[in-house]
Amino acid sequence: MQSLFKSASLKLTGWYLLIIMLISLLFSVVIYAVSSSELERRLPREGFVIRGVFVDDSVLEAIQRQRAADARRSLIANLTILNVVTLAAGGAASYALARRTLRPIEEAADAQGRFIGDASHELRTPLAVMKSELEVTLRNPNVNKQELKALAMSNLEEVNNLEQLAERLLQLSLGSKLEKTVIEIMQPALDAVGKMMPRAEEKNISIENQLTSAQALTNEQAVGDVAAILLDNAIKYSPEGSTIIIKTFTEGRSSYIEVADNGVGISTEDQAHIFDRFYRADDSRTKGESHGYGLGLSIAKQVTNKLGGELSVKSTLGKGSIFTLKLPSSPSPH
Ligand code: ADP
């Protein structure tokens, strides 16, 4: 990839330089042609007297021709120097310009490369777990029904994880525009609660709805997806038997969905990174919990940006977190 950008930079430099040199040479030819005809015109047509001596036409013409030839030679020398300087300075400037033009593309390609690397790493981990479990079981000649069932269950869990990963990777890669209409955001919030309820019940966690009417110019499905991701995390990172509160409300020109939990919380340092792809905060705090792939919040952030909203977090380590989705309640005046 690096060498590809190097050769592309050099090619672009070549093109820029070619254009600069063509212009420079064209100007040089024009300057030379104009100056030459100027020198021709200055040649006198008739003889005249210098210091009392009549100078014949032909002598004078010879002197003038000599002078014109000298002037032309020095013009050619000056134009050559000018073109050499243009070549050197133009070369350096073209290279700098080519690098500058290609940098954003190079950065995007780097980011994509990193993303693919991270994604394949995430895919390898559950596959490796499944493979080793299958190998161990196959090597055991006395494997019983119960062990086979345990294997199937463990593998099914990994397959579910992989399915979620594939779904989220697909969501990340879809760059489609979201249609926006004015909606009541209580609805997608309620849908998300309904979707996440079985998971909450598994951990004996109760979800308290504090939903008040709030309108937003947004996409219902997308808001529901973000709310579901926030609730999913709140459940994942909260202890058994705790309570999660989901609120909807309006303030000023914005409407809000807030998800608050009394879970493990997030350190200030981690708060700066949790919206990055594949970022997971310190595993030791969430031991025994089901781990995600560090994609949920980056998807939520990407969707929020598309909606023209803001996603923020307030959290205290060991106490809990509040995630807030802010959405414009009416079209922006711009
Ligand atoms: P994951 O799939 O790992 O949950 P996310 O992108 O959704 O990925 O979240 C990134 C990280 O942010 C998580 O690994 C977790 O450490 C932290 N996090 C997210 N939500 C919460 C929360 N409600 N409470 C505590 N930590 C959280």
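The following exercises, each with a worked solution, examine a predicted model.

Residues are numbered from 1 along each chain as its sequence is written. Local features need pLDDT of at least 70 and side-chain atom pairs count only at pLDDT 80 or more, while totals for chains, interfaces and linings use all residues; side-chain values use heavy atoms, with hydrogens and water left out.

**Exercise 1. The core**

Identify the residues with the most contacts inside the largest nonpolar core, and the helix that gives the most to this core.

Solution. Step one is to fix the terms. A nonpolar core is a set of buried Ala, Val, Leu, Ile, Met, Phe, Trp, Tyr and Cys residues joined through side-chain atoms within 4.5 Å. Buried means under 20% relative accessible area, exposed over 50%, and partly exposed in between, with a 1.4 Å probe and protein chains only. Step two is to inspect the core: it has 47 residues, and Leu 231, Ile 246, Leu 295 and Phe 323 have the most contacts inside it. Helix α5 (residues 220-236) gives the most, with ten residues. Helices (H or I, at least four residues) and strands (E, at least two) are DSSP runs numbered from the N terminus. Step three is to take one core residue, Leu 295. Apart from neighbours within four places in sequence, Leu 295 is in contact (heavy atoms within 4.5 Å) with Leu 165, Arg 168, Leu 169, Leu 172, Arg 277 and Phe 278.

**Exercise 2. Helix α3**

Compare the expected span of helix α3 with the distance between its end C-alpha atoms, and state what covers its buried residues.

Solution. First, the expected span of a helix is 1.5 Å times one less than its number of residues. The 29 residues of α3 (residues 145-173) should therefore span 42 Å, and the end C-alpha atoms are 42 Å apart, in agreement. Next, the buried residues of α3 include Leu 165, Arg 168, Leu 169 and Leu 172. An α-helix has 3.6 residues a turn, so residues three or four places apart point the same way. Finally, the cover over the buried residues of α3 includes α2 (57-139), α5 and α7 (296-306).

**Exercise 3. The ligand**

Determine which residues come nearest to the ligand and how much of its accessible area the protein covers.

Solution. Begin with the shell: there are 20 residues around the ligand, and Asn 233, Lys 236, Tyr 237, Asp 261 and Leu 297 come nearest. A residue is near a molecule if one of its heavy atoms lies within 4 Å of it. The largest share of this shell, three residues, comes from α5. Proceed to the polar contacts (pairs of N or O atoms within 3.5 Å). A polar side-chain atom of Asn 233 lies 2.8 Å from a ligand oxygen atom, and a polar side-chain atom of Ser 321 lies 3.4 Å from a ligand nitrogen atom. Alone, the ligand has 520 Å² of accessible area, of which the protein covers 99%; such areas come from the Shrake-Rupley method with a 1.4 Å probe.

**Exercise 4. Ser 315**

Establish whether Ser 315 is buried or exposed, and name the side chain with which its own side chain makes a polar contact.

Solution. First locate Ser 315: it belongs to strand β8 (residues 310-316). Its relative accessible area is 17%, and therefore Ser 315 is buried. Its side chain makes a polar contact of 2.9 Å with the side chain of Ser 321. In addition, a polar atom of the Ser 315 side chain lies 3.0 Å from the backbone oxygen of Gly 320.

Notes. A polar contact is a pair of N or O atoms within 3.5 Å; within protein, one must be able to donate a hydrogen and the other to accept it, and residues adjacent in sequence count only if both atoms are side-chain atoms.
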